[in-house]
Structures are given as structure tokens and as C-alpha cells.
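Trainee: Please give me a close reading of one helix and its two packing partners, together with the loops that deserve attention in the same chain. I would also like to know how far the model can be relied on there, and how the chain compares with its partner in overall form.

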Amino acid sequence: MNELIRRDFPILDRKIENKPFVYLDNAATSQRPKKVIDAMMKYYVHYNANVHRGVYHLSQEATDAFESVRGKIARFIAVASEREIIFTKGTTESINLVAASYGEANVKEGDVIAVTRMEHHANFVPWQQLAKRKKARFEIIGLTPDLRLDPKEIDRVLALKPKILAISLLSNVTGVVNPIASLATRFKMVGSTIVVDAAQGIAHGEVTIDRLGPVDFLAFSSHKICGPTGVGILWGREALLEKMPPYQFGGNMITHVGDLDSEWNELPHKFEAGTPDIAGVIGLGAAIDYFETLGRVRIEEYEHKITSYVLQKIKDIACVKLLGPREALHRAPIFSVAIDGVHAHDLATFLDMQGISVRAGHHCAHPLMFAMKCPATCRASFSFYNTLEEADLFVNALKESQKFFAKKPKSPENGGVKV
Amino acid sequence: MSYRDVFGEILADHHESPRNYGEIQGAITEEGYNPLCGDKVKMFLKLSENAEHTVEACKFEGEGCSICMASASILTERIQGQPAAKVNELIEAFREKMQGKEDVAGLPADDADDDLVALYGIKRFPVRIKCVLLAWTTLKKAINKVPESAGETA
């Protein structure tokens, strides 16, 4: 991981306020290497046509390029059948698909649906609303003071034998990595269907189904792994997908349409109504190639180095409150911080003026933030193209901010903003 | 523009020593919340019984970023004793100004020696404009709870 990798990302050469652009909002979206942008451009310039329809050359080329990505994804997450890979528009749609189709068909009144308190809204609200529609019980697995899953809470919810457990691989707020394999094994024994939100997890480490244990569904987005926005993946076990009713109706998802009823196409097309984001899927294919070339194990090792480094540096700053565990083990390079006396938004603007892009706010995780009585934090999330020098810039800016926002002696001069 | 220009002494002063912070018993109240960043304000407004519905007192409570709190402080300071309809006009003019409209009437000039001017510069940070405006839009809702006081711009 070095300067050569940074050269793959043209955007990293930008300047903000005449300072180098330090992009630390990778948990929101990653940047795209030139290869991804080129692959999408090539589709539009050379073989733009709709897929699965035409008999002409270009349509066949587009279909081949599009469908080849399904195979790449199957290999990426180590599953045998491409029929289990469904293209959606993002993690959010993937989870909504499972809640609307599988959930609607299988959850009954009085059943238990379980989530955790660290879920992103995308893996919380669809289940909460499903529970409401079905008069099912909605249970939230609580956290320890350092914001990991609380073992007592896991036992409590396990005893309720939930019909569905929806859980994230790692938290987008704290970077805590959940022990999915052991949880999945335990919940499978009480009959739960396990839905994993890998929106964050997919970018940090080798996420393959065999390593996740007996999970049933996996959702993630292209744009967190250097692919374009607008494309997501849902993987599901074929036996479950076969039995599930369609989620949306329209073109491509049918085999026969009669006046009074219709028949559904086979997997995965049954769940892919309408023209997909063809260029986006092709771009995702290039992103996966890029990830495989770098090596996910190598990425994970490098990111672990960044995580340890930042944790070590932050530890020395008295005024910085770091959310979540302070050990690098089972933690991704995502750091939510609060500084005494400095509001998260003021801190984010302060960092932005120095070229450092971070996210400030509730990170789409109200249930977690409310439980911590913390309306907003500043979050810095690193990727493999970030450097230790950038980590230093971030940590130093945190120190500066506290000095800057500390109570200043009042003076009648310097009257504020000059427009 | 440096960071010190944005968070200058005037805003820092209003943030650290907010004017009119606290509640008013029996006042008209309205709460404003920005779900995006968690800023919260509660405005307390007391209007006189006369035809003009003069602001007898206006205070606020809340929590949020320095810009949101300073803006609430500056707002409450300048409307004491003003007729409600005039306050509504001021809020509307300030909203237009912050949203980028040129030559808005009824506001201090850009170089005026006036605390309100300190907020103008936040226009440079579009996502922070809502921090500036939260107290203002919330106060407008409070005024509009007394329909006859709201004036033409209500």
C-alpha cells in the first residue's frame, strides 16, 4: 500500500482550500480508481445496448459483460451458484427486498424479529416496519458500555428463538466487527433466518459466505468497494430465493404474461424487474477485479496497521472521546469521536477548512446514538489508499480544534465574518 | 478565508455567553429540530396584548453547534420590543439573504457594525445554513400560533 495505489485514484490529487485533499469519509462512499471509470466509459462509448433483449451484436456484448459480473461476485463471496446473486440498487434495497418478500411470506403474528442496537437505519427500519405490519415482536440486542454486542443480550434474544436475525458485519459508527460466524451458528440452532448487512464489512477484509457461517442472506453495495453508486448485491440461499415471491413486477422478471395472471422468470431474474444499471454493474466488475489484484488479505493487514496507529495516537489526546473499543482487535478503521466543548459540525467544518473530509452527524444510526445520549459525532473512516501521514493530519487537527474552540479572551476587534 | 474568519469573535461570544438563554413561564413555545445534525432549539415568546403584538420577551433553550446557538442568541437580542409583523418580515428577509438572494431590503448592510452581519458569512458553507436558520424558522412558527399577530408575511 503506497503511492502507486494512490495514483490509481485521480481524485486524490485534488486540493481543498489549497491543501491536499484528505478523504476520510470512506464509510459513506469510497473513491473510484480510473479502471472503474474507464470500464463504464467503454460500455457507453463502444457497446451501449440493453441487456437480455436484443438479438444484435451490441446487445449480446452488453449482456455478456453484465452477466460476467455475476460470476465475479459469486467468486468474490465464494458461492457456487450465480443464480443466488441478485443485482439491486444498493444495500438498502437488498435488505428491503428480503423484508418485503421473505419477511412478508414467512413472518406471522407473535413471531420475533431481532436486530442489534448498532444497526444502520437500512437494517433496522425495514424489520421494525415488518414487525409492525405482522404484529410480530421486534427485539433489539443491546450493547456493552464499549458498544460491542452484549453477551447477556445475545442470550436473552436467542432464548426467544427469533424467526429472523438481521445483523451487520461491522458498525458504520464504531467500526466494531461482530462475530458473525459464531452468532450465526447459535441462532441457526434455534431456527433463525440470518440476514447480514455487509455494507461496511465488504470493504474491510475477506467476506466470503463460508467464513460467515450458516447465514442466509448477505447484502452489500458496489460504492463501498470502489465501484459506482446505484448498484447493490443481494446474495441468498437458492432454496429460500426459489420459494420467495417477486419483490417488484415488470420486464425481465416474467416468462409469460396472460390477461389474468403471469408466470415468473427463473432466478436471479425473478428479482430483477426492469432495465438494471448496466454501466454500474460493469463498473462494479472492474472494482472487484481491482480489489482482487490488490488482495483483500493485504488490504486487511494494511488497514489493521492504520487502525492500531490511529488508536494509539488518539489515546494520548485527553479531550477526545472515542466511541467503541480502544483495542484494534475486531475493529475496522472507522473512528467516531466527540471532543469536549466542540460540536461535531463545528469540528467537521474546522477539518474541512484544512482539506480533511469527515462525516458529522448521527450516521443513520439513531437507535445507537440515542442510547449513547450522543446526538452527533465526527467520524473519520479510512481506506487502503489512506496513509499514515493522513492519519497524523487528522489527529493533529483534532488537537488543534480543541485549542481553537477553547474559550477565547473577548476582544472588540476582529468582528467575525468578512463577507 | 480562514477558519478564524468563520468562527469569529462575535459568534464565539454569542456561543459562549448566549443572550436570552432560558425559559419564560406561560409563553408561546415552539420547538425546532434538525434531524440531520441533532440541533435542537425551543423558542419562548411573549407578545403584548396591544394591536401590534409587540415582543415583550423572547428567550431560547437548546443544544447544538456553535453556529446554531449563536444565531438563536443574535435573533432573540434584536427582536425585543418589535411588533410581531416586523419580526416576521425580518425572519423572511434574513432567510432570503442566507439562501443567496441579493439586495434583500430590511437587513443591515454587509459592512455594517451589527452582530447579524457575522452570520452572513456562513452562506459560504451551504450545509451549515440550516444551522443558522433553525431558531429563525422556529420563532416564525411560534409567531404564527397567534394568527392575528403574524402580519402580511405570515
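Mentor: The following account begins with reliability and overall form, then turns to the helix and the loops.

The model is predicted, and confidence is therefore a proper starting point, since where pLDDT is low, the predicted coordinates should not be read in detail. Chain A has a mean pLDDT of 93, with 97% of its residues at 70 or more. The stretch to set aside is 409-419 of chain A, where pLDDT stays under 50. The model has 25 contacts beyond four places in sequence for this stretch, but these belong to the part in which detail should not be read.

The setting of the helix is a chain of 14 helices and 17 strands. The C-alpha trace of chain A spans about 80 × 55 × 40 Å along its principal axes. Its radius of gyration is 23 Å, which agrees with the value near 22 Å for a compact globule of 419 residues. Buried residues make up 48% of the 419 in chain A. Of the contacts between residues at least 6 apart in sequence, 70% join residues at least 24 apart.

The helix to examine is α10 of chain A, residues 278-294. The loop between β12 (262-264) and α10 holds A:P268. The peptide bond that leads from A:L267 to A:P268 is cis, with omega near -5 degrees.

Two packed helices are described by the angle between their axes and the distance between the axes. Both of the partners treated here can be described in this way. The axes of α3(A), residues 57-76, and α10(A) come within 9 Å and cross at roughly 45 degrees. Because an angle of this size falls neither among the roughly parallel ones nor among the roughly perpendicular ones, α3(A) is oblique to α10(A). The crossing of these two helices is left-handed. On the α3(A) side the contact is made by A:A62, A:A65, A:F66, A:S68, A:V69, A:K72, A:I73 and A:F76. They meet A:I278, A:V281, A:I282, A:L284, A:G285 and A:I288 of α10(A).

The second partner is α2(A), residues 34-46, whose axis comes within 8 Å of that of α10(A) and crosses it at roughly 145 degrees. Here the crossing is right-handed. From α2(A), A:K35, A:V36, A:A39, A:M40, A:Y43 and A:Y44 take part. From α10(A), the contact uses A:I278, A:A279, A:I282, A:G283, A:G285, A:A286, A:A287 and A:Y290. A:I278, A:I282 and A:G285 thus take part in the contacts with α3(A) and with α2(A).

The loops around α6 of chain A also repay attention. A:L147 is in the loop between β6 (137-141) and α6 (151-158). Phi of A:L147 is near 70 degrees, a positive value in a residue other than glycine. A:L147 has 21 C-beta neighbours inside 10 Å and so counts as buried, the cut-off being 20 or more.

A:R148 lies in the loop between β6 and α6 as well. With 19 other C-beta atoms within 10 Å, A:R148 is partly exposed. Leaving aside residues up to four places away in sequence, A:R148 touches A:L143, A:V176 and A:P325. A:R148 and A:G175 are 27 residues apart in sequence, and their C-alpha atoms are 9.9 Å apart in space.

On the other side of α6, the loop that leads to β7 (164-168) contains A:K161. A:K161 is not a glycine, yet its phi is positive, at about 50 degrees. A:K161 has 14 C-beta neighbours inside 10 Å and therefore counts as partly exposed.

Finally, there is the partner chain. Chain B contains 6 helices and 3 strands, in the order α-α-β-β-β-α-α-α-α from the N terminus. Its radius of gyration is 15 Å, close to the 15 Å given by the globule rule for 154 residues, so chain B is as compact as a globular protein of that length. The C-alpha trace of chain B spans about 45 × 30 × 25 Å along its principal axes, and 42% of the residues of chain B count as buried. For contacts in chain B between residues at least 6 apart in sequence, the share that joins residues at least 24 apart is 65%.

Technical notes:
Residues numbered from 1 in each chain as written. Chains lettered and ligands numbered in written order. Predicted model: local features only at pLDDT ≥ 70, side-chain atom pairs only at ≥ 80, totals over all residues. Helix = DSSP H or I, 4+ residues; strand = E, 2+ residues; numbered from the N terminus. Rg over C-alpha atoms; globule rule 2.2 N^0.38 Å. Buried ≥ 20, exposed ≤ 12 C-beta atoms within 10 Å, placed from the backbone. Contact = placed C-beta atoms within 7 Å. pLDDT = per-residue confidence, 0-100. Axes fitted to C-alpha atoms, helices over the stretch in contact; angles between N-to-C directions. Parallel < 35°, antiparallel > 145°, perpendicular 65-115°, else oblique. Left-handed = near helix turned anticlockwise from the far one by under 90°.
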